[in-house]
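Colleague: I should like to understand the reasoning behind the labels used for this model. May I put some questions to you about them?

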Protein chains: 2
Amino acid sequence: MPQRSTFHGSGALAFSTKGEYGVRLMVQLGRRYGHGPASLAEIATDEDLPRAYLEQLVTSLRDAGLVHSTRGARGGYELALPPDQIRMGEVLRALEGPLAPMICATEEPDHALCDRSARCTVNILWIRVRDAIAGTLDAMTLADLVPVRHVPIDPRLATVAAPGAGSREAETGATLAGATS
Amino acid sequence: MPQRSTFHGSGALAFSTKGEYGVRLMVQLGRRYGHGPASLAEIATDEDLPRAYLEQLVTSLRDAGLVHSTRGARGGYELALPPDQIRMGEVLRALEGPLAPMICATEEPDHALCDRSARCTVNILWIRVRDAIAGTLDAMTLADLVPVRHVPIDPRLATVAAPGAGSREAETGATLAGATS
DNA sequence: CTAATCCCGACGAACAAGGTCGGAATTGAC
DNA sequence: GTCAATTCCGACCTTGTTCGTCGGGATTAG
C-alpha cells in the first residue's frame, strides 16, 4: 500500500497516523501484558498495519520508556509499566511531539513566544485548547482502552484489570453518550 | 515570503495557518465592530498577513454566515453578529472543517465508521478528545478575545462591549450534550 | 469615469506525512 | 556452530496538502 487514501482525519486538529497506529500498537501490548514479549510481526498482522512502519513508531515509544524491548529470537516488545500506569497523554506526546495546537501554546514553560506576543490576545484560546486536550489525554490510561480480560493467568494481575483503578475522573464533563453503541 | 518557517505548530494536533490567520482576522473585525466595513488590505496590514491569502479565508467565513461583505469602493467586511454571539468553535469549523481528531470521531452523526469498528476499543479516546476540544472552543466567544475598548464612540454600543452579556459563563459540560446528539 | 474594493478560479513550489528497503547486530534453539 | 527470528538503524522515495501567488472580472462610491 503506497499511501492511505484521502486523509484519515478529515478536518481540523487531526492526529496523524503515527498517533493512531501507535495507540493501537500500545493497546495490543496492553492485551498481552504479562505474557512476555510480543513480536512486531505478530502485532502488525493483528492490527493489519505495515510492520516496517511500526518499527519507527515503537522506537519513539521505547525511547520514552513506555515499552521495553528484547532483542534476538523470541524477542519482541512489552509494556514497561502496567497499563493503568500509562497515561495516554504520554503515549501521544512520545509519538507526535508536544501537545501544542499553536507555536505560542507549547507545553514547555520556556515557550517560544511569537514575536507579536505583546498585543496577542488570541493566545488564551490556544492555551485553553491545549489544556483541554492534555487534561483529557492525561486523565485516561491505557487500561481504559484495553478490553477487559475475563480471567488473567496470573491472579495478581486482577488488580490491574480492575476498572477505574488509578485514573482520576476527568473534570471535562465528558459525555460519551452512545458513541460506539 | 514564499512559506512560513519550519512549522508554526510544532507538535501534535496543530491548527493550520488557516485557523490561526482566520482567528486573527476575526479579532480584528471584532475590534472594528460597529464602525462599518473594513477592507481586507487594512486588516492585512495591521496583522502583517498576505492579503491575497486572507481573501480565501474570509470566503469561508462569509459562507458560514459569520461575516458580511460589502462590495465596491469603501466596501469591506464586518461581523454578521455581535462578538459575544460568535462562538470560536464556529469560526474554527468554518475555517478548518469539522473538529475531528480522527476519522472515526467526526462530529457528524453519520460518522464514517472505520472498517474495524467492531473490535475498536480505541474509539472512545478520540471521541473524548473531540468533545474536550469542541467544548472548550464552543464555550469561548469572540468577545473573550477582543481587547476591551475604553470608550466606544457611540454610547449605545456600550451594551455590546459590556462583559456580562451572557455566554461568558457557559461551562464546558453543558454545551457538550447538544453537540453529540 | 475612475478607483477602490470584493470575488473567483487556476496555478505552483515547498514540505511533511506515510511508508519502503536493505542490511547489521543480537539472541534462542538445535 | 549454525540457523532463524527478531530488534535496530539510517537512507530513500512518493504523494498530497499546505500555503500561498497571480490575473482578471464584477460592483459600487465619489
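Modeller: Please do. To begin with packing, contact means heavy atoms within 4.5 Å. The model is predicted. In that sense of contact, the buried residues of H4(A) pack against helices H1 (17–31), H3 (51–63) and H5 (123–139) of chain A, together with helix H5 (123–139) of chain B.

Colleague: What makes helix H4 of chain A mostly covered?

Modeller: A residue is called buried when its relative accessible area is under 20%. Of the 9 residues in H4(A), which spans 88–96, 7 are buried. They are Met88(A), Gly89(A), Val91(A), Leu92(A), Arg93(A), Leu95(A) and Glu96(A). Just after the helix, Gly97(A) adopts a positive phi of about 90°.

Colleague: Why is the pair Arg87(A) and Asp138(A) called a salt bridge?

Modeller: The term requires a side-chain nitrogen of Lys or Arg within 4 Å of a carboxyl oxygen of Asp or Glu. The N to O distance for Arg87(A) and Asp138(A) is 3.8 Å, so the pair qualifies. Arg87(A) sits in the loop between strand S2 (76–79) and H4 of chain A, Asp138(A) belongs to helix H5 of chain A, and the two are 51 residues apart.

Colleague: Why does Arg87(A) count as partly exposed?

Modeller: Partly exposed covers the range between under 20% and over 50%. Arg87(A) has 37% relative accessibility and therefore counts as partly exposed. Asp138(A), at 24%, is likewise partly exposed.

Colleague: How do you know that Arg93(B) and Asp138(B) are buried?

Modeller: The limit is under 20% relative accessible area. Arg93(B) has 19% and is therefore buried; Asp138(B) has 14% and is therefore buried. Their side chains meet in a salt bridge at 2.6 Å, N to O. Arg93(B) lies in helix H4 of chain B and Asp138(B) in helix H5 of chain B, so this pair ties together parts 45 residues apart in sequence.

Colleague: What makes Glu90(B) and Arg87(B) a salt bridge, and are these residues buried or partly exposed?

Modeller: Their side chains meet at 3.3 Å, N to O, and the cut-off is 4 Å, so the term applies. Glu90(B) has a relative accessible area of 32% and is therefore partly exposed. Arg87(B), at 39%, is also partly exposed.

Colleague: Which residues of chain A are joined into one network by salt bridges that share partners?

Modeller: Arg87(A), Glu90(A), Arg93(A) and Asp138(A) form that network. Over all chains, the search of the whole structure finds 22 salt bridges.

Definitions and conventions. Residues are numbered from 1 along each chain as its sequence is written. Chains are lettered from A and ligands numbered from 1 in the order in which they are written. This is a predicted model: local features need pLDDT of at least 70, side-chain atom pairs count only at pLDDT 80 or more; totals for chains, interfaces and linings use all residues. Side-chain values use heavy atoms; hydrogens and water are left out. Buried means under 20% relative accessible area, exposed over 50%, partly exposed in between (1.4 Å probe, protein chains only). Helices (H or I, at least four residues) and strands (E, at least two) are DSSP runs, numbered from the N terminus.
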